[in-house]
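Work through these exercises with the structure open beside you. Try each task before you read its solution.

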Amino acid sequence: MYLQALKKYAEFKVWASRSEYWTFTLINDFILFPLECIIAWINHPKFVGDTSLSYIIFELFYFFFLLVVILPNLAVNIRKLYDSDMSGWWLLFIFLLLPGWIVLLVFCVLSLNEDDN
């Protein structure tokens, strides 16, 4: 499912199933969260200066991973909104901070077109 979502990085008009959306989202989170923890740990004032090369390596890996998955992430979010009979423009609710995230989470949990999918 994860690779399937990566392959459909430029398809914005088809639907994404609930399992495709959540598999892609959770795998991204399971990759990014440990990287963020390692970067925060290395960047701790106690270790600054001792491990600057490892900090740069992890930071670059984190940046390149985000660069690779940003378009597939956008595509799978828009396709999941289409599955919930919503426009892709609803993704702009992210900029409303917490209320926007809650609205998008509800839309992504709903799957209104299960019979057509």
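**Exercise 1: Arginine 79**

Task: Locate arginine 79 in this predicted model and describe its surroundings.

Solution.
- Step 1. Find the element. Arginine 79 sits in helix α3, which covers residues 52–83.
- Step 2. Check the accessibility. The relative accessible area of arginine 79 is 0%. Buried means under 20%, so arginine 79 is buried.
- Step 3. List the contacts. Neighbours within four places in sequence are left aside. Arginine 79 then contacts Ala5, Lys8, Glu11, Phe12, Val14, Trp15, Ala16 and Glu20.
- Step 4. Look for a polar contact. The side chains of arginine 79 and glutamate 20 are joined by one of 3.0 Å.

**Exercise 2: An aromatic pair**

Task: Classify the aromatic pair formed by tyrosine 21 and tryptophan 22.

Solution.
- Step 1. Count the pairs. The structure has two aromatic pairs. Tyrosine 21 and tryptophan 22 form an aromatic pair with 4.9 Å from centre to centre.
- Step 2. Use the angle. The planes of tyrosine 21 and tryptophan 22 are 80° apart. Over 60 degrees counts as edge-to-face, so this pair is edge-to-face.
- Step 3. Compare accessibility. Tyrosine 21 is buried, at 8%. Tryptophan 22 is partly exposed, at 26%.

**Exercise 3: Two helices**

Task: Describe how α2 and α3 are arranged.

Solution.
- Step 1. Take the distance. Helix α2 spans residues 18–42, and its axis comes within 10 Å of the axis of α3.
- Step 2. Take the angle. The axes of α2 and α3 cross at roughly 160°. Angles over 145 degrees count as roughly antiparallel, and therefore α2 and α3 are roughly antiparallel.
- Step 3. Add the handedness. The crossing of α2 past α3 is left-handed.

**Exercise 4: Leucine 110**

Task: Place leucine 110 in the chain and find what it touches.

Solution.
- Step 1. Leucine 110 lies in the segment after α4 (98–109).
- Step 2. The relative accessibility of leucine 110 is 38%, so it counts as partly exposed.
- Step 3. Leave out residues up to four places away in sequence. Leucine 110 then touches Arg18, Lys80 and Ser84.
- Step 4. Set sequence against space. Leucine 110 and arginine 18 are 92 residues apart in sequence, yet 8.3 Å apart from C-alpha to C-alpha.

**Exercise 5: The whole protein**

Task: Summarise the protein by its helices, strands and buried residues.

Solution.
- Step 1. The protein has four helices and zero strands. Along the sequence the pattern reads α-α-α-α.
- Step 2. Of its 117 residues, 31% count as buried.
- Step 3. Take the contacts with a separation of 6 or more. Residues 24 or more positions apart make up 63% of them.

Definitions and conventions: Residues numbered from 1 in each chain as written. Predicted model: local features only at pLDDT ≥ 70, side-chain atom pairs only at ≥ 80, totals over all residues. Heavy atoms only, no water. Buried < 20%, exposed > 50% of the residue type's maximum accessible area, 1.4 Å probe, protein only. Polar contact = N/O pair within 3.5 Å; in protein donor to acceptor, adjacent residues only side chain to side chain. Contact = heavy atoms within 4.5 Å. Phe/Tyr/Trp six-rings, centres within 6.5 Å; stacked < 30°, edge-to-face > 60°. Axes fitted to C-alpha atoms, helices over the stretch in contact; angles between N-to-C directions. Parallel < 35°, antiparallel > 145°, perpendicular 65-115°, else oblique. Left-handed = near helix turned anticlockwise from the far one by under 90°.
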